[in-house]
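Work through these exercises with the structure in view. Try each task before you read its solution.

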Amino acid sequence: MSKRELLVGGETVIDVLVPPDSPYGPTYFFGVSLIWREGDRPLGLTLETPAGVLEPLDLSPVTYKEWQGKTLYANLQVSARKTGKIDVYLFDETGGPPNPAVETGTWKLHITDPSPEGSAPITVLGSVMDEASGWGKGIHFPELPTEGHLVGYPGTADHGLGVAAFTGHPKYGAVSGERAYYSGRGERFDGTRYMYIAVRTTRWSAAGTPTIRRATTSTAAPAAPCTSPAPPRCSSSPTRS
């Protein structure tokens, strides 16, 4: 993720790097999302390829077109609380090879804030994604990275309970008892803190009754207790209210 203030009455450029030497190989999906408060404040957005090709994005309400041999999608949403969210995707309708991969190098997002001088600056929080790197470092922001807001939906709900993950049995270089590298962390975009609880990422049991559970952060979800072997109608799926 990356967090920065936009220049009031001017242009801010955010770099997004598609590494040419990625250990995950070529990528066929390029995604960038931006969120900010005061979502009803109009912003202009232009996408630039590493080769310098510029494409202004129509956010009223959506861009959906063929561009640079791929499909370009851009959409603006504004919540009831005036939080703005822009999603920009570049992808192939039919998947990966033999289609060309996303161009490697530094892509740029040009963001203009036409607000008059004296207006309060807008802070944007950006995230990026691709289909190849998973939790690794594939497409990324080369500047101003942050891990201060890695709390995702639905953990950001007003009455939600975000649960972090810590390592139980160590593997792949992880250290038992430490926060897992892929765990959510930090606070909601408005500064509200939610993550006060962490659960280990390996199986556990309560009152001596084992639960059938994979070793994932889903351990934090409530589950019907099961004996082993599981009796009829006993489910290891998270319960629903």
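Buried means under 20% relative accessible area, exposed means over 50%, and partly exposed lies in between. Keep in mind that this is a predicted model.

**Exercise 1. Place Q68 in the chain, and decide whether Q68 is buried, exposed or partly exposed.**

Step 1: find the residue. Q68 sits in the loop that runs between β6 (62–67) and β7.
Step 2: take its relative accessible area, 43%.
Step 3: compare with the cut-offs. A value of 43% makes Q68 partly exposed, because that class lies between the limits of 20% and 50%.
Step 4: check the backbone. Most residues other than glycine have a negative phi. Q68 is not a glycine, yet its phi is positive, about 55 degrees.

**Exercise 2. Find the loop that holds L144, and give its phi.**

Step 1: L144 belongs to the loop between β10 (123–129) and β11 (149–150).
Step 2: its phi is positive, about 50 degrees, although L144 is not a glycine.

**Exercise 3. Describe the surroundings of N75.**

Step 1: locate it. N75 is part of strand β7 (residues 70–78).
Step 2: classify it. The relative accessibility of N75 is 13%, so N75 counts as buried.
Step 3: look for a polar partner. The side chains of N75 and Y73 make a polar contact at 3.4 Å.
Step 4: list the contacts beyond four places in sequence. N75 touches L59, P61, V62, K85, I86 and D87.

**Exercise 4. Work out the strand order of the open four-stranded sheet.**

Step 1: write the order. The strands run β2-β9-β4-β5, with antiparallel pairing.
Step 2: mark the edges. β2 (11–18) and β5 (54–56) are the edge strands, and each pairs on one side only.
Step 3: add the twist, which averages 20 degrees from one strand to the next.
Step 4: inspect one pairing. Strand β4 (residues 44–48) and strand β9 (residues 105–112) run antiparallel, joined by five bridges. Here G44 stands opposite T112 in β9.
Step 5: recall what holds such strands together. Strands of a sheet pair through backbone hydrogen bonds.

**Exercise 5. Classify the aromatic pairs F29–Y89 and W67–W107.**

Step 1: start with the total. There are six aromatic pairs.
Step 2: take F29 and Y89. Their ring centres are 5.4 Å apart and their planes meet at 40 degrees, so this pair is tilted.
Step 3: trace the strands. F29 is in β3 (residues 29–36) and Y89 in β8 (residues 84–91), so the pair ties together parts 60 residues apart in sequence.
Step 4: take W67 and W107. The centres are 6.4 Å apart, with 70 degrees between the planes, and the pair is edge-to-face.
Step 5: trace these strands too. W67 lies in β6 and W107 in β9, so the pair links parts 40 residues apart in sequence.
Step 6: compare burial. W67 is buried at 7% relative accessibility, and W107 is buried at 2%. F29, at 21%, counts as partly exposed.
Step 7: gather the cluster. F29, Y64, Y73, Y89 and F91 form one aromatic cluster.

**Exercise 6. Summarise the whole protein in numbers.**

Step 1: count elements. The protein has zero helices and 16 strands.
Step 2: state the burial. Of its 241 residues, 34% are buried.
Step 3: give the surface. About 13,900 Å² is exposed, and carbon and sulfur atoms supply 55% of it.
Step 4: look at sequence range. Among contacts with a separation of 6 or more, 65% involve residues 24 or more positions apart.

Note on methods:
Residues are numbered from 1 along each chain as its sequence is written. This is a predicted model: local features need pLDDT of at least 70, side-chain atom pairs count only at pLDDT 80 or more; totals for chains, interfaces and linings use all residues. Side-chain values use heavy atoms; hydrogens and water are left out. Two strands pair if DSSP finds at least two bridges between them. Helices (H or I, at least four residues) and strands (E, at least two) are DSSP runs, numbered from the N terminus. Axes are lines fitted to C-alpha atoms, for helices over the stretch in contact, and angles run from 0 to 180 degrees between N-to-C directions. Buried means under 20% relative accessible area, exposed over 50%, partly exposed in between (1.4 Å probe, protein chains only). Contact means heavy atoms within 4.5 Å. Accessible areas come from the Shrake-Rupley method with a 1.4 Å probe; for residues, only the protein chains shown count as cover. A polar contact is a pair of N or O atoms within 3.5 Å; within protein, one must be able to donate a hydrogen and the other to accept it, and residues adjacent in sequence count only if both atoms are side-chain atoms. Rings of Phe, Tyr and Trp (its six-membered ring) pair if their centres lie within 6.5 Å; planes under 30 degrees apart count as stacked, over 60 as edge-to-face and the rest as tilted.
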